[in-house]
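User: I am new to this structure and would like a close look at one part of it. Could you take me through that part step by step, and say how it sits among its surroundings?

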Amino acid sequence: AAQLVPALHRYRDVSGHSGGVAYALVADAIAVQFTQGGVYVYSHDCPGRRHVSRMKLLAGEGHGLSSYISRHIRNRFAAHFDSPQAVEFQDQSSTRQNAALR
């Protein structure tokens, strides 16, 4: 079942150079909106609980989130949406999931 994402919060971007502009948190996932407008959902299923926990911490600190994703996560996301208005956290049967990781 789909779970609607809570409102995206502006990412503080302490360094002023981040590719991330906003994020939303739920218990087992994080959604990150990037400067180009796309929103990626990262969940306990993909890329995993440890990475999601670290991303949540970095999002709250406002520093290092985009770099962490670039270095450690790359294309391992649970779902991608072209705009924040379309974002939902999806279950594993979603057709919008990253098909390469199924």
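Analyst:
**A close look, step by step**

His51 has a relative accessibility of 9% and therefore counts as buried, the cut-off for that word being under 20%. The model is a predicted one, and this should be kept in mind for everything that follows. His51 belongs to helix H1, and its side chain makes a polar contact of 2.7 Å with the side chain of Tyr68. When neighbours within four places in sequence are left aside, the residues in contact with His51 are Tyr68, His72, Ile73 and Arg76.

Helix H1 also leads to the nonpolar interior. The largest nonpolar core has 16 residues, and the ones that touch the most other members are Ile30, Val32, Tyr42, Met55, Leu65 and Ile69. At least two residues of this core come from each of strand S4 (29–34), strand S5 (39–43), helix H1 (49–61) and helix H2 (65–73). Another core, of eight residues, lies apart from it and includes Ala31, Val41, Ala79 and Phe81.

The part that deserves the close look is strand S5, where five of five residues are buried. In a regular strand, side chains alternate between the two faces of the sheet. In S5 both of these faces are covered, with Val39, Val41 and Ser43 buried on one side and Tyr40 and Tyr42 buried on the other.

How is S5 joined to other strands? S4 and S5 run antiparallel and are connected by five bridges, and in this pairing Val32 stands opposite Tyr40. Four residues lie between the two strands of this hairpin, and Gly37 takes a positive phi near 105° there. S5 also pairs with strand S6 (residues 79–81), again in the antiparallel sense, over three bridges, and His80 in S6 is the bridge partner of Tyr40. Tyr40 thus has a place in both pairings, opposite Val32 and as the partner of His80.

Tyr40 also takes part in contacts between aromatic rings, of which a search of the whole structure finds two pairs. One pair is formed by Phe34 and Tyr40, whose ring centres are 5.6 Å apart and whose planes meet at 75°, so that the arrangement is edge-to-face. Both partners are buried, Phe34 at 9% relative accessibility and Tyr40 with a relative accessible area of 19%. Tyr40 is also paired with Phe77, likewise edge-to-face, at 5.0 Å centre to centre and with 75° between the planes. This second pair links distant parts of the chain, for Tyr40 is in S5 while Phe77 is in the loop between H2 and S6, 37 residues apart. Phe77, at 14% relative accessibility, counts as buried, and through these ring pairs Phe34, Tyr40 and Phe77 are linked into a cluster.

A last step outward starts from Phe34, which is touched by Gly19, a residue that also touches Gln33, Thr35 and Ser66 when residues up to four places away in sequence are not counted. Gly19 is in the loop between strand S2 (9–10) and strand S3 (20–26). From Gly19 to Gln33 the distance is 14 residues in sequence and 8.6 Å in space, C-alpha to C-alpha.

Terms used:
Residues are numbered from 1 along each chain as its sequence is written. This is a predicted model: local features need pLDDT of at least 70, side-chain atom pairs count only at pLDDT 80 or more; totals for chains, interfaces and linings use all residues. Side-chain values use heavy atoms; hydrogens and water are left out. A nonpolar core is a set of buried Ala, Val, Leu, Ile, Met, Phe, Trp, Tyr and Cys residues joined through side-chain atoms within 4.5 Å. Buried means under 20% relative accessible area, exposed over 50%, partly exposed in between (1.4 Å probe, protein chains only). Two strands pair if DSSP finds at least two bridges between them. Rings of Phe, Tyr and Trp (its six-membered ring) pair if their centres lie within 6.5 Å; planes under 30 degrees apart count as stacked, over 60 as edge-to-face and the rest as tilted. A polar contact is a pair of N or O atoms within 3.5 Å; within protein, one must be able to donate a hydrogen and the other to accept it, and residues adjacent in sequence count only if both atoms are side-chain atoms. Contact means heavy atoms within 4.5 Å.
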